[in-house]
Amino acid sequence: MKLFALLILSIISISVTAQDAAVQLKARILNDHTGKPLDGAIIETYKNDTLFRSDTTLSNGRIFIDKLPLEVHYKFVIKKQGYVSKIATLDTRLTDNDPLPMIEYPMRFNVSLFEICSASDYEFMQTEPIVKFYIHHSGNIMFDEEHIKMMKKKIYQAKNAKLSAEDREAFSSYYNKGVELMKIKKYSEGLDQLLEAKKIVDCSYVLDKIKNCERELKIQNSYNLAIEKGDHYFREGKFSEAFEHYNHTSIIKPDEKHPKDQLLEIQYSKVLEQADQFYSDKDYKSALEYYNQAVQLKPDETSFKKKHNKCQRKVK
């Protein structure tokens with residue numbers, strides 16, 4: 001969880017005239033885990049504890065709220081089904097010593113929601129604001145830095161608050177083993193560990209890791225099957241069938257060495273077979289062409305060197 005990304009990529013600006021001072025809110029709401037915009041998230045705006053308006057994000061996660069008058073204490077409830085709601089406040093009440101704000105004051109007001117997790121206890125966030133904004137006597141919008149620090153600490157503590165020490169230890173063991181097994185491409189064993197971790201903590205980041213592991217396992221199984229078939233046909237000398245399966249594996253896993261080596265071997269065998277056929281027919285010019293291709297494929301191969309040299313002498 002990005003603890004400091006409690007509220008992200010929004011802009012509050014205050015546009016003020018002598019007759020009509022007002023707040024303009026431009027917000028963008030994101031998924032804390034993926035960083036992607038949240039479509040259908042809601043911002044409820046309360047004016048002095050009374051619901052004033054409700055707005056819903058578009059597919060880009062953005063909301064624009066215009067004409068919020070000053071001299072009001074605002075509460076913004078940011079929520080979406082399946083996510084932990086967050087609250088932010090903005091106090092626009094001016095004291096006698098406060099100057100009237102100038103024309104416009106842009107400010108970062110970041111909103112990032114994280115998905116509900118079985119291990120976490122974020123009940124306090126239903127009543128406590130994540131951030132408290134206010135109009136400073138300088139005329140700028142400021143926020144309570146000490147409150148932000150305190151909320152970051154509470155969120156960190158709440159992340160696994162519903163787990164016993166034993167469960168936390170077991171989860172960490174299963175999850176970390178699963179991740180390490182994935183790194184060394186033992187996807188089946190890794191998936192078993194991650195599924196055990198999910199029994200303890202059912203959260204988006206665990207589910208994402210399981211999906212990644214399942215996807216890699218599917219790719220691995222498809223690759224292994226194609227290699228098995230390719231090797232079988234190669235041993236039987238059925239090079240066309242072997243080529244088809246090796247070529248498929250090179251698409252699935254283009255960086256793997258074995259199918260590349262086998263494809264080269266098949267290509268070399270075909271070229272050498274054609275060269276030897278022309279050599280037997282005493283078509284030395286054509287044979288030389290194919291022996292030259294064989295040299296390009298396997299520069300260190302010497303088994304056909306005598307035939308190659310003879311073709312070169314005959315063609316001169």
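Biologist: Are Phe-114 and Tyr-122 buried or exposed?

Modeller: In this predicted model, the two residues form an aromatic pair, with 4.8 Å centre to centre. The planes are 55 degrees apart, and the pair is therefore tilted, as this angle is neither under 30 nor over 60 degrees. As to accessibility, Phe-114 and Tyr-122 are both buried.

Biologist: How many aromatic pairs are there by this rule?

Modeller: A pair requires ring centres within 6.5 Å. Phe-114 and Tyr-122 meet this rule at 4.8 Å. Tyr-268, Tyr-279, Tyr-284, Tyr-291 and Phe-304 form one aromatic cluster. The count of aromatic pairs comes to 13.

Biologist: Over which ring does the charged end of Lys-253 sit?

Modeller: The criterion includes a distance within 6 Å of the ring centre. Lys-270 lies over the face of Phe-243, 5.7 Å from the ring centre. For Lys-253 the distance is 5.2 Å, and the ring is that of Tyr-223.

Biologist: Which strands are the edge strands of the open sheet of 6 strands?

Modeller: The strand order is 5-4-7-8-11-12, and the pairing is mixed. Neighbouring strands are turned by 20 degrees against each other on average, direction ignored. An edge strand pairs on one side only, and this holds for strand 5 (50–56) and strand 12 (141–143).

Biologist: Which residue of strand 5 stands opposite Ile-43?

Modeller: Strand 4 (residues 42–47) and strand 5 run antiparallel and are joined by 6 bridges. Opposite Ile-43, strand 5 places Asp-55.

Biologist: Which residues touch the most other members of the largest nonpolar core?

Modeller: This core has 27 residues. The elements that give two or more residues to the core are strand 2 (22–28), strand 6 (62–69), strand 7, strand 8 and strand 11 (131–135). Apart from it lies another core, of 18 residues, including Phe-171 and Cys-213. In the largest core, the residues that touch the most other members are Ile-29, Ile-43, Phe-76, Ile-78, Leu-90, Phe-109 and Leu-113.

Biologist: Why does Ser-85 count as buried?

Modeller: Ser-85 lies in the loop between strand 7 (73–79) and strand 8 (86–91). Beyond four places in sequence, Ser-85 is in contact with Ile-78, Lys-79, Met-125 and Gln-126. Of these, Ile-78 also has contacts with Ile-29, Ile-43 and Leu-113, among others. Ser-85 counts as buried because buried means under 20%, and the relative accessible area of Ser-85 is 14%.

Conventions. Residues are numbered from 1 along each chain as its sequence is written. This is a predicted model: local features need pLDDT of at least 70, side-chain atom pairs count only at pLDDT 80 or more; totals for chains, interfaces and linings use all residues. Side-chain values use heavy atoms; hydrogens and water are left out. Helices (H or I, at least four residues) and strands (E, at least two) are DSSP runs, numbered from the N terminus. Buried means under 20% relative accessible area, exposed over 50%, partly exposed in between (1.4 Å probe, protein chains only). Contact means heavy atoms within 4.5 Å. Rings of Phe, Tyr and Trp (its six-membered ring) pair if their centres lie within 6.5 Å; planes under 30 degrees apart count as stacked, over 60 as edge-to-face and the rest as tilted. A charge sits over a ring if NZ of Lys or CZ of Arg is within 6 Å of the ring centre and within 35 degrees of the ring normal. Two strands pair if DSSP finds at least two bridges between them. Axes are lines fitted to C-alpha atoms, for helices over the stretch in contact, and angles run from 0 to 180 degrees between N-to-C directions. A nonpolar core is a set of buried Ala, Val, Leu, Ile, Met, Phe, Trp, Tyr and Cys residues joined through side-chain atoms within 4.5 Å.
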